[in-house]
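Hi everyone, thanks for making room for me this morning. I'd like to walk you through a fold, one piece at a time, so please have the structure open in front of you.

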Amino acid sequence: MIPSRNKKKGVVGLDIEASSIAATELCVNGGVRIGGYGIAPLDAGVFRDGEVHEPDGLSESLKELFSANKLPKDVRLGVANQRVVVRTLQLPLIEDQDELEAAIRFQAQDHIPMPLDQAVLDWQVIPAAAGAEVPTLEVVVVAARRDMLKKAIGAVKGAGLRLVGIDHSAFALIRALAGEHPPMHAGGFADPGPEFDPMADPAELQQTAEVVADPSADPTIGVPEMGRLYCNLGDVTNLAVARGDFCLFTRVFNFGIEGIAQSLAERSGLTLDHARQWLIHVGLEADVGSIEGDAEIVTATRDALAAGTAKLGDELRRSLEYYAALEGAVRVESVVIAGAGTMIPGLVEHLRRELPLPIDAATPSALAGVAGRAAARLTLSYGLGLEE
């Protein structure tokens with residue numbers, strides 16, 4: 001933790017995975033700084049595949065985490081699962097905001113694979129690339145199932161916390177890593193406030209993001225032409241293609257480091273917690289014969305890591321190919337890997353062999369004072385706390 005005198009309470013970014021909860025408090029007072037943080041284990045089954053399955057169990061864990069680390073109660077929650085959808089729409093230039101809203105909702109019906117009356121919907125206009133002509137508007141639309149959000153919101157409120165916002169975790173990842181200043185363009189899809197009710201009338205749920213581009217503005221002022229793929233390797237794998245700090249495409253697939261640990265646990269008879277520790281201990285760098293420990297477990301760990309990393313590489317490659325085939329896709333020039341998976345020795349290097357793009361591992365520089373494994377786990381919660 002980065003200590004501070006006269007500490008001013010801030011907003012806590014809250015990231016939940018199957019095996020742990022990460023919370024990072026950010027204080028804004030002439031700049032952004034970390035006020036505190038905490039990481040706590042989570043019981044098996046409470047949270048799976050990016051969704052809350054046992055709200056009461058999550059509430060209890062949140063109470064303990066926030067009490068033990070003396071964190072403030074205002075939180076911004078990240079979500080990433082198969083029931084959150086992000087689509088990029090191409091629209092004609094529309095200056096009137098009411099007309100733009102109507103056009104977005106009309107087109108969203110054809111692009112969002114869920115009934116809009118059962119979803120929370122938000123959007124953001126993306127500025128054109130630097131020097132590009134602006135014949136159309138590019139709009140990122142985000143939709144999330146209200147029933148999925150209801151459980152997460154209930155768990156947060158059950159812990160006595162105040163929910164001040166909900167955000168797609170991919171947007172938080174971009175904010176955390178796209179630049180050293182706290183970019184605010186990759187905005188969240190809902191700012192529910194303390195009385196947010198996901199079961200209310202859908203018309204009351206619509207909370208339009210502030211439009212960040214003026215269609216009549218100078219088209220030479222924009223963001224980079226090429227994109228970057230951001231990837232968070234956690235219990236699930238969370239991908240985002242961004243141009244500058246504007247999100248263009250996201251994908252979540254339900255396989256990540258937790259899946260590799262589960263495979264190892266099933267093959268070796270280890271508990272999940274021990275399997276996670278073995279992944280870090282064995283890694284993909286050292287010769288198997290030189291690694292201390294039971295030879296059979298060492299070998300099983302290396303095999304699980306090799307198979308899991310190959311699967312991750314395949315998924316990343318397919319995601320890039322899928323995105324490249326979309327209308328209006330920008331060229332992706334590099335990949336940034338973050339999250340707990342970066343702490344497994346050799347994993348990022350193996351992914352470099354799987355993909356035809358430069359790959360770097362990263363954690364936010366603001367977390368430089370935090371030990372490596374903790375900093376990797378806190379990356380998403382840090383990005384969540386950055387949103388204003």
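I'll start with the whole chain, then take each of two sheets with the helices that pack on it.

Before anything else, please keep in mind that this is a predicted model. The chain has 388 residues, and 53% of them are buried. Along the chain there are 10 helices and 15 strands. How do the contacts spread along the sequence? If we take contacts between residues at least 6 apart in sequence, 67% of them join residues at least 24 apart.

Let's go to the sheet that holds the N-terminal strands. It is an open sheet of five strands, and the order across it is β3-β2-β1-β6-β10, with mixed pairing. Which strands stand at the edges? Those are β3 and β10, residues 162-168, and each has a single partner strand, so one side of each has no neighbour in the sheet. On average, neighbouring strands here are turned by 25° against each other, ignoring direction.

A quick reminder for anyone who hasn't looked at sheets in a while: strands of a sheet pair through backbone hydrogen bonds, either parallel or antiparallel.

Now follow the chain through β1, β2 and β3. Strand β1, residues 11-16, pairs with β2 in the antiparallel sense, over six bridges. The two form a hairpin with three residues between them. If you'd like a spot to click on, find Ile16, whose bridge partner in β2 is Ile21.

From β2 we carry on into β3, residues 32-41, and this pair is antiparallel too, with nine bridges joining the strands. Val28 has Val32 in β3 as its bridge partner, and Thr24 stands opposite Tyr37 in β3. The hairpin of β2 and β3 also has three residues between the strands, and there Gly30 takes a positive phi near 75°.

Is β2 mostly covered or mostly open? Mostly covered: of the nine residues in this strand, which covers residues 20-28, eight are buried.

So what lies on this sheet? Helix α10 lies across β1, β2, β3, β6 and β10, and runs at about 50° to β2. Helix α4 lies across β1, β6 and β10, and its direction is about 85° to that of β10.

Those two helices also meet each other. Two packed helices are described by the angle between their axes and the distance between the axes. For α4, residues 169-177, and α10, residues 372-386, the axes come within 7 Å and cross at roughly 90°. That crossing makes α4 roughly perpendicular to α10. On the α4 side, the residues in this contact include Leu173, Ala176 and Leu177, and on the α10 side they include Leu380, Tyr382 and Leu384. By class, the α4 contact with α10 has eight nonpolar residues, three polar and one charged.

A short stop at helix α3, residues 146-158. Why do we expect a span of 18 Å for it? At 1.5 Å a residue, its 13 residues should give that figure, and the C-alpha atoms at the ends are indeed 18 Å apart, so the two agree. Several of its residues are buried, among them Met148, Leu149, Ala152, Ile153 and Val156. Right after α3 comes Gly160, with a positive phi near 80°.

On to the second sheet. This one is open as well, with five strands in the order β13-β12-β11-β14-β15 and mixed pairing. Its edges are β13, residues 246-253, and β15, residues 359-361; each has a single partner strand, so one side is left without a neighbour in the sheet. Neighbouring strands are turned by 20° against each other on average, direction ignored.

Within this sheet, β11, residues 227-233, and β12, residues 237-243, pair in the antiparallel sense over six bridges. Leu229 stands opposite Val241 in β12. Helix α8 packs on the sheet and touches β11, β12, β13 and β14, with its direction at about 140° to that of β13. Helix α9, residues 347-354, lies across β11, β14 and β15, and runs at about 165° to β15.

One last residue, Ala310, which sits in helix α8, residues 295-324. Is Ala310 buried or partly exposed? It counts as partly exposed, because its relative accessibility is 28%. Its C-alpha atom is 9.8 Å from that of Arg353, although the two residues are 43 apart along the chain.

That's my tour, and I'm happy to rotate the view for anyone who'd like another look.

Notes:
Residues numbered from 1 in each chain as written. Predicted model: local features only at pLDDT ≥ 70, side-chain atom pairs only at ≥ 80, totals over all residues. Heavy atoms only, no water. Axes fitted to C-alpha atoms, helices over the stretch in contact; angles between N-to-C directions. Helix = DSSP H or I, 4+ residues; strand = E, 2+ residues; numbered from the N terminus. Parallel < 35°, antiparallel > 145°, perpendicular 65-115°, else oblique. Contact = heavy atoms within 4.5 Å. Nonpolar A, V, L, I, M, F, W, Y, C, P; charged D, E, K, R; others polar. Buried < 20%, exposed > 50% of the residue type's maximum accessible area, 1.4 Å probe, protein only. Pairing = 2+ DSSP bridges. Expected span 1.5 Å × (residues − 1).
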